[in-house]
Amino acid sequence: MLVQMLVDAVSKGGNMLLNVGPNARGEFDPRSIERLRGIGEWMRVHGRSIYGCTASEYTPPPDCRFTQNGKRLYLHLFAWPFRHIYLDGLGGRSSTLSS
């Protein structure tokens, strides 16, 4: 859910801050540490689709989001459509977007 919130925020030109911090004893809640580790693992693999990215002018398919950094366009799937993904308005543009 947190990764989806992050992607959704970036796809709309925003960012996301997590409000985590130590308790009165100076310790972090184990649940917070677990969540931060999970997001960190995801970011190690997919960080290029978040860092430096913002909203795209293209309309994503249902249950998907686009993030864009310059000419590079990233598609984030929130739900697998079981068949195919139709990318409206992107026919013949794959070479110009990924360069």
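**Entry 1: S49**

I began with S49, which touches W42, T67, Y74 and H76 when residues up to four places away in sequence are not counted. I worked throughout on a predicted model. I placed S49 in the loop between α2, residues 30-46, and β1, residues 64-69. I then asked whether S49 is buried or exposed. Its relative accessible area is 7%, so I entered S49 as buried.

**Entry 2: α1 against α2**

I turned next to the helix pair. Two packed helices are described by the angle between their axes and the distance between the axes. For α1, residues 2-11, and α2, I noted an angle of about 55 degrees and axes 10 Å apart. That angle makes α1 oblique to α2. The contact of the two helices, by class, has seven nonpolar residues, no polar residues and one charged residue. I also recorded the handedness: α1 passes α2 in a right-handed crossing.

Which residues of the two helices meet? On the α1 side I listed L2, V3, L6 and V7, and on the α2 side R35, I39, W42 and M43. I looked up I39 separately. Not counting residues up to four places away in sequence, I39 touches L2, V3 and L18.

**Entry 3: the largest nonpolar core**

In soluble globular proteins, nonpolar side chains tend to be buried together. I therefore looked up the largest nonpolar core, and found that it is made up of eight residues: L6, V7, V10, I39, M43, I50, C53 and Y74. The elements that give two or more residues to this core are α1 and α2. I asked which element gives the largest share of this core. That element is α1, with three residues.

**Entry 4: the buried part of α1**

I listed the buried residues of α1 as L6, V7, D8, A9, V10 and S11. What do the buried residues of α1 pack against? I noted α2, β1 and β2, the last being residues 72-77. Just after α1 I came to G13, which takes a positive phi of about 85 degrees.

**Entry 5: F28, between α1 and α2**

I located F28 in the loop between α1 and α2. F28 has a relative accessible area of 40%, and I therefore entered it as partly exposed. Leaving aside neighbours within four places in sequence, I found F28 in contact with V20, G21, P22 and I33. I also took the C-alpha to C-alpha separation of F28 and G38: they are ten residues apart in sequence and 15 Å apart in space.

**Entry 6: P62 and D63, between α2 and β1**

I found P62 in the loop between α2 and β1. Its relative accessible area is 72%, so I entered P62 as exposed. For P62 and P22, which are 40 residues apart along the chain, I noted C-alpha atoms separated by 39 Å.

I placed D63 in the loop between α2 and β1 as well. With a relative accessible area of 47%, D63 counts as partly exposed. Most residues other than glycine have a negative phi, and most peptide bonds are trans. I therefore checked the backbone of D63, and noted a positive phi, near 60 degrees, in a residue other than glycine.

**Entry 7: G70, between β1 and β2**

I found G70 in the loop between β1 and β2. Its relative accessibility is 57%, so I recorded G70 as exposed. I then looked up its separation from G52, 18 residues away along the chain, and noted 8.9 Å between the C-alpha atoms of G70 and G52.

**Entry 8: L87, between β2 and α3**

My last residue was L87, which lies in the loop between β2 and α3, the latter being residues 94-97. At 33% relative accessibility, L87 went into the notebook as partly exposed. Which residues is L87 in contact with, leaving aside its neighbours within four places in sequence? I listed P61, F66 and L75. The C-alpha atoms of L87 and Y58 are separated by 8.9 Å, and I noted that these residues are 29 apart along the chain.

Notes: Residues are numbered from 1 along each chain as its sequence is written. This is a predicted model: local features need pLDDT of at least 70, side-chain atom pairs count only at pLDDT 80 or more; totals for chains, interfaces and linings use all residues. Side-chain values use heavy atoms; hydrogens and water are left out. Helices (H or I, at least four residues) and strands (E, at least two) are DSSP runs, numbered from the N terminus. Buried means under 20% relative accessible area, exposed over 50%, partly exposed in between (1.4 Å probe, protein chains only). Contact means heavy atoms within 4.5 Å. Axes are lines fitted to C-alpha atoms, for helices over the stretch in contact, and angles run from 0 to 180 degrees between N-to-C directions. Angles under 35 degrees count as roughly parallel, over 145 as roughly antiparallel, 65 to 115 as roughly perpendicular and the rest as oblique. A crossing is left-handed if the near helix is turned anticlockwise from the far one by less than a right angle, and right-handed if clockwise. Ala, Val, Leu, Ile, Met, Phe, Trp, Tyr, Cys and Pro count as nonpolar, Asp, Glu, Lys and Arg as charged, and the others, Gly among them, as polar. A nonpolar core is a set of buried Ala, Val, Leu, Ile, Met, Phe, Trp, Tyr and Cys residues joined through side-chain atoms within 4.5 Å.
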